[in-house]
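Please find below a colleague's note on the structure, set out as numbered points.

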Amino acid sequence: MSKEFKYSQNGSFSYLFSLVLVTIIGGLLFGYDTAVISGAEQSLQAFFESAGDFVYTKAMHGFTASSALIGCIIGSMLSGFLASRLGRRNSLRFASLLFFLSALGSYKPEFLFFPEGTASMSVLVAFNLYRILGGIGVGLASAICPMYIAEVAPAHMRGRLVSWNQFAIIFGQLVTYFVNFLIRNSLGDTPSAIETAMVEIGWRRMFLSEAVPAAMFGLLLFAVPKTPRFLAMQGKFDESLYVLSRINGLDRGKTILEEIRSTLHEKKEKLTTYGITVIVVGCLLSFFQQACGINVALYYAPRIFQQMGSSGDAAMTQTIVMGVVNILFTLVAIFTVDKVGRKPLLIIGSIGMTVGMAALAVLSFCNVIGITTLIFIVIYTASFMMSWGPICWVMISEIFPNTIRSQATAIAVAVQWMANFAVSSAFPSMSAWNIGATYLIYGAFALISALFVWKMVPETKGKTLEEMTALWKKKQTI
């Protein structure tokens with residue numbers, strides 16, 4: 001006997017916002033997990049350097065500090081398969097479990113098998129496996145959170161709602177900086193006491209702190225429905241209409257459902273049904289988001305602050321100020337993306353990043369370190385945060401046709417994490433070669449990204465996801 005649904009005559013924005021609010025906790029965990037290592041890595045290094053059965057090298061530490069990225073690549077590759085088989089919501093539940101287990105395991109990698117508090121090669125391997133596990137959760141969340149929001153959001157506000165996921169990522173990083181700071185300063189009254197306690201227990205507590213939002217995310221996901229488009233693809237049209245009516249109202253929900261049903265006959269077609277161009281565009285959006293050097297700029301900022309004479313609390317304050325700037329300019333994107341459009345913001349952001357990186361290159365060639373350097377770092381990062389930071393995720397979540405979205409999104413997000421890993425790992429050797437030339441290379445990629453958006457990326461503002469299917473089908477026949 002089929003279940004009867006009580007459809008809503010009028011849509012509810014509060015209901016829609018509650019779904020988005022729960023989903024973006026996945027974005028917060030994305031930011032939390034990628035940033036938590038920043039406060040813990042020095043103490044983690046000191047802990048493993050105390051091992052008696054091996055020598056903990058800088059190369060090992062570099063791998064340990066970035067091992068979560070391997071999980072991110074794996075998770076993003078798996079996201080398409082899991083989103084298609086389990087659904088968007090259930091895949092996020094799985095990601096929340098991975099976050100939770102990673103937090104507990106990173107806190108105590110010796111659990112059950114090894115002597116507690118004693119560093120060894122076995123404990124190092126276990127720690128990295130737990131970090132990779134969390135990285136898989138990040139990879140899943142990075143692909144599926146924007147996908148979920150895009151599939152429940154009305155077309156006229158989809159960009160703004162998906163952009164909140166990027167806000168949550170940046171906010172999660174900022175929260176992590178505060179949590180790390182509070183944990184560190186709760187461990188003792190003197191610098192030497194704090195450092196000793198950090199090696200013994202501080203880094204563990206930093207990783208454990210992630211278990212709280214991970215558990216909250218998993219529990220709240222039991223209160224959200226599957227997306228109406230996934231339900232329709234499973235043949236559950238009544239349930240799909242129920243969710244659509246709660247968001248859009250019954251009449252508009254029926255119209256959207258008919259648009260969705262009109263695309264379902266292509267359900268079993270191949271990834272390349274709409275041509276290779278749509279896949280290439282999605283992958284290049286991901287590539288350019290990383291190739292412009294954003295993670296390198298953020299990672300290198302503390303060194304620049306140190307070169308400017310900052311240390312201790314002053315360096316921490318500047319890091320937090322940078323985090324606040326990032327949040328403010330992400331809000332600029334959120335409140336303009338559905339008014340100005342995706343393409344103009346991406347192009348403006350690319351130009352701003354080009355100016356910022358070119359100026360940093362000139363200052364580096366002239367060996368100038370000072371307030372001017374900080375200003376251009378802020379110009380660069382602000383340009384990224386009001387454009388490529390959130391809008392790349394918006395575009396990836398909405399540019400692909402319904403029936404290939406999960407697989408195509410998985411490919412695009414995997415490209416993003418691979419580009420992230422390649423750019424970040426190449427930076428030390430590139431900066432040793434010539435830091436000014438390195439900045440010029442990032443600036444060149446930022447300029448090329450503007451040309452790419454202008455020539456190849458379609459404007460998606462105001463279009464339903466089904467209209468994007470029609471757009472790419474039309475391009476295929478031209």
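The points that follow treat internal cavities, salt bridges, a surface patch and one helix with the loop after it.

1. Status of the model. The structure is a predicted model, and the remarks below should be read accordingly.

2. Cavities. Searching the whole structure yields two cavities of 30 Å³ or more. The largest cavity holds about 40 Å³ of space. Its lining consists of Glu-151, Val-152, Ala-153, Pro-154, Arg-229, Leu-244, Asn-248 and Ile-256.

3. Character of the lining. Five residues of the lining of the largest cavity are nonpolar, one is polar and two are charged. Two helices, H4 (121-152) and H9 (237-248), each contribute at least two residues to this lining.

4. A salt bridge at the cavity lining. Glu-151, one of the lining residues of the largest cavity, forms a salt bridge with Arg-88 through their side chains, at 2.8 Å from N to O. Arg-88 belongs to helix H3 and Glu-151 to helix H4, so the pair ties together parts that are 63 residues apart in sequence. Both Arg-88 and Glu-151 are buried.

5. Salt bridges as a group. How many salt bridges are counted in the model? The count comes to nine salt bridges. Among the residues concerned, Arg-158, Arg-160, Asp-338, Arg-342 and Glu-398 are linked in a network.

6. The pair Lys-108 and Glu-116. The side chains of Lys-108 and Glu-116 meet in a salt bridge, with 3.3 Å from N to O. Is Glu-116 buried or exposed? Glu-116 has a relative accessible area of 60% and is therefore exposed, the cut-off for that class being over 50%. Lys-108 counts as partly exposed because its relative accessibility is 23%.

7. The pair Arg-204 and Glu-110. A further salt bridge joins the side chains of Arg-204 and Glu-110, at 2.5 Å from N to O. Arg-204 lies in helix H6 (residues 191-208), whereas Glu-110 lies in the loop between H3 and H4, so this pair ties together parts that are 94 residues apart in sequence. Arg-204 and Glu-110 are both buried.

8. A nonpolar surface patch. Phe-94, Leu-97, Phe-100, Leu-101 and Leu-104 make a nonpolar patch of about 390 Å² on the surface. One of these residues, Leu-101, is placed in helix H3 (residues 88-107). Leu-101 counts as partly exposed because its relative accessibility is 37%, which falls between the limits of 20% and 50%.

9. Helix H16. Why can helix H16 be described as largely enclosed by the rest of the structure? Eleven of the eleven residues of H16 are buried, so the description follows. The buried residues include Trp-388, Trp-393, Cys-392, Met-395 and Glu-398. Glu-398 is also a member of the salt-bridge network described in point 5.

10. The loop after H16. Pro-401 is found in the loop between helix H16 (388-398) and helix H17 (405-456). With a relative accessibility of 0%, Pro-401 counts as buried. The C-alpha atom of Pro-401 is separated by 8.1 Å from that of Ala-470, although the two residues are 69 residues apart along the chain.

Conventions: Residues numbered from 1 in each chain as written. Predicted model: local features only at pLDDT ≥ 70, side-chain atom pairs only at ≥ 80, totals over all residues. Heavy atoms only, no water. 1 Å grid on protein atoms, 1.4 Å probe; cavity = no way out; pocket = protein on both sides within 12 Å on 5 of 7 lines; lining within 4 Å. Points joined across faces, edges and corners; volume = space filled by probe spheres on them. Helix = DSSP H or I, 4+ residues; strand = E, 2+ residues; numbered from the N terminus. Nonpolar A, V, L, I, M, F, W, Y, C, P; charged D, E, K, R; others polar. Patch = residues over 30% accessible without salt bridge, like charges linked within 9 Å, V, L, I, M, F, W, Y side chains within 5 Å. Areas by Shrake-Rupley, 256 points an atom, 1.4 Å probe, with all protein chains shown as cover. Salt bridge = Lys/Arg side-chain N within 4 Å of Asp/Glu carboxyl O. Buried < 20%, exposed > 50% of the residue type's maximum accessible area, 1.4 Å probe, protein only.
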